[in-house]
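Student: I should like to take a close look at one part of this protein, and then to see how that part sits within the whole. Please begin from the structure shown here.

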Amino acid sequence: MLLRVRQNRRVPVHQINDPDDDRIADYRALTDVELRTRWEPPHGLFIAEGELVLRRALRAGYPARSYLVDAKRVDQLADLDTGDAPVYAATQDVLQRATGFHVHRGVLASFHRRPLPTAAEVLAAARRVVLLEDVNNHTNLGAVFRGAAALGIDAVLLSPSCADPLYRRSVRVSMGEVFAMPYAKLDSWPEGLDQVSEAGFTVLAMTPAPDAVPIQRLTPAQRERAALLLGAEGPGLTAAAQAASDVRVVLPMRRGVDSLNVAAAAAVAFWELGRDDPPFGGE
């Protein structure tokens, strides 16, 4: 069955009535992290949820594979040039049975991934970066990307054990800022931190250790080309990663609180490192 959208005559909208329809295999069991990890990167795809996020993916140049839309919301895509990517529509019941959750934003899209730049390429174009060790919580990862984009960080470098920034939850929490923020993976860890230092960055390891330097007391030279190193929620940075850093820094805490959520700590540190930057705004 084909639905015609008046404003978008180039592409027919295909009605999906069976949640097991192979045409929407990209969207199956979206809440199963293990399954999605085995499916998405090997097939070179990722899923965007929500109209704002999918539009940002398109604007960033990611090619769409397909769209899956609540049948009542097909007009939301009417102004898009969907190219060769098919548009599928389904009822909420079919969407929920296919994806495993209530698609309350009403719009999903499957996109082709692009080759990642190398760490050397990312470092060469950046002045200030964030390094993440073993941050495998997708919500925290997405929030770090959003804070980095908003607060003057130029790129993100990931340890091999970090979560996938293009996993649906990370993309959603970042509000699509993962598409705007250059990122790369360091193939070896913590040895890869030597590459960051050799590129002229000062590696700043965030830790609540009592002998760490309060971040507001860093020298201008230490701030100039800063690479802020953050660890996973709970365990924090490994001893090996701290040993490979140049300076250990801390956010001073009050009232006996020993630390913040990694995304919150990252945002505070990003702001502090860029507090003397010229004002900026907009996209």
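Which backbone oxygen does the side chain of T99 reach at 3.1 Å?

Tutor: In this predicted model, the side chain of T99 reaches the backbone oxygen of F101 at 3.1 Å. A further backbone oxygen, that of L95, is reached by the T99 side chain at 2.8 Å. T99 itself belongs to helix α3, which covers residues 92-99. With a relative accessibility of 0%, T99 counts as buried, because buried means under 20%.

The surroundings of T99 may be described next. Leaving aside residues up to four places away in sequence, T99 touches Y27, A29, L30, T31 and L108. One of these, A29, lies in the loop between β2 (8-15) and α1. A29 has a positive phi of about 55°, although A29 is not a glycine. Its relative accessibility is 22%, so A29 counts as partly exposed.

The loop that holds A29 runs between β2 and α1, and the helix at its end can be examined in turn. Helix α1 comprises residues 33-43, and its N-terminal end is capped by D32. In this cap, a side-chain oxygen of D32 lies 3.3 Å from the backbone nitrogen of E34. Just after α1, G44 adopts a positive phi of about 65°.

Strand β3 covers residues 45-49 and contains E49. The contacts of E49 lead back to the part you asked about. E49 touches F101, H104, R105, V107, L108, R168 and R172, again not counting residues up to four places away in sequence. F101 is thus in contact with E49, and the backbone oxygen of F101 is the one that the T99 side chain reaches at 3.1 Å. L108 is likewise among the residues touched by E49, and L108 is also among those touched by T99.

E49 is buried, since its relative accessible area is 2% and the cut-off for buried is under 20%. Two arginine side chains make polar contacts with the side chain of E49. The contact with R168 is 2.9 Å, and the contact with R172 is 3.2 Å.

R168 and R172 belong to a stretch of chain that can be followed onward. Helix α6 spans residues 168-173, and the loop between α6 and β9 contains M175. Phi of M175 is near 55°, a positive value in a residue other than glycine. M175 is partly exposed, given its relative accessible area of 30%. Beyond β9 (183-185), the loop that leads to α7 (192-198) contains P190. The peptide bond from W189 to P190 is cis, with omega near 5°.

For contrast with the buried T99, one may consider K72. K72 is found in the loop between β4 (64-70) and β5 (87-90). With a relative accessibility of 80%, K72 counts as exposed, because that class begins over 50%. Although K72 and A89 are 17 residues apart along the chain, their C-alpha atoms are separated by 8.4 Å.

Another feature to inspect is the largest pocket, which has a volume of about 430 Å³. It is lined by 21 residues, and the closest to its centre are M206, P208, G236, S259 and L260. The elements that give two or more residues to this lining are β13 (247-250) and α10 (262-273). By class, the lining consists of 13 nonpolar, six polar and two charged residues.

Finally, the chain as a whole gives these details their setting. The protein chain contains 10 helices and 13 strands. Its radius of gyration is 21 Å, close to the 19 Å that the globule rule gives for 283 residues, so the chain is as compact as a globular protein of that length. Along its principal axes, the C-alpha trace spans about 65 × 35 × 35 Å. Of the 283 residues, 48% count as buried, and T99 and E49 both belong to that class. Among contacts between residues at least 6 apart in sequence, 75% join residues at least 24 apart.

How values were computed. Residues are numbered from 1 along each chain as its sequence is written. This is a predicted model: local features need pLDDT of at least 70, side-chain atom pairs count only at pLDDT 80 or more; totals for chains, interfaces and linings use all residues. Side-chain values use heavy atoms; hydrogens and water are left out. On a 1 Å grid over the protein atoms alone, a cavity is a set of points where a 1.4 Å probe fits but cannot get out, and a pocket is an open set with protein on both sides within 12 Å along at least five of seven lines; lining residues have an atom within 4 Å of a point. Grid points are joined across faces, edges and corners, and a volume is the space filled by probe spheres set on the points. Helices (H or I, at least four residues) and strands (E, at least two) are DSSP runs, numbered from the N terminus. Ala, Val, Leu, Ile, Met, Phe, Trp, Tyr, Cys and Pro count as nonpolar, Asp, Glu, Lys and Arg as charged, and the others, Gly among them, as polar. A polar contact is a pair of N or O atoms within 3.5 Å; within protein, one must be able to donate a hydrogen and the other to accept it, and residues adjacent in sequence count only if both atoms are side-chain atoms. The radius of gyration is taken over C-alpha atoms; the globule rule is 2.2 Å times the number of residues to the power 0.38. Buried means under 20% relative accessible area, exposed over 50%, partly exposed in between (1.4 Å probe, protein chains only). Contact means heavy atoms within 4.5 Å.
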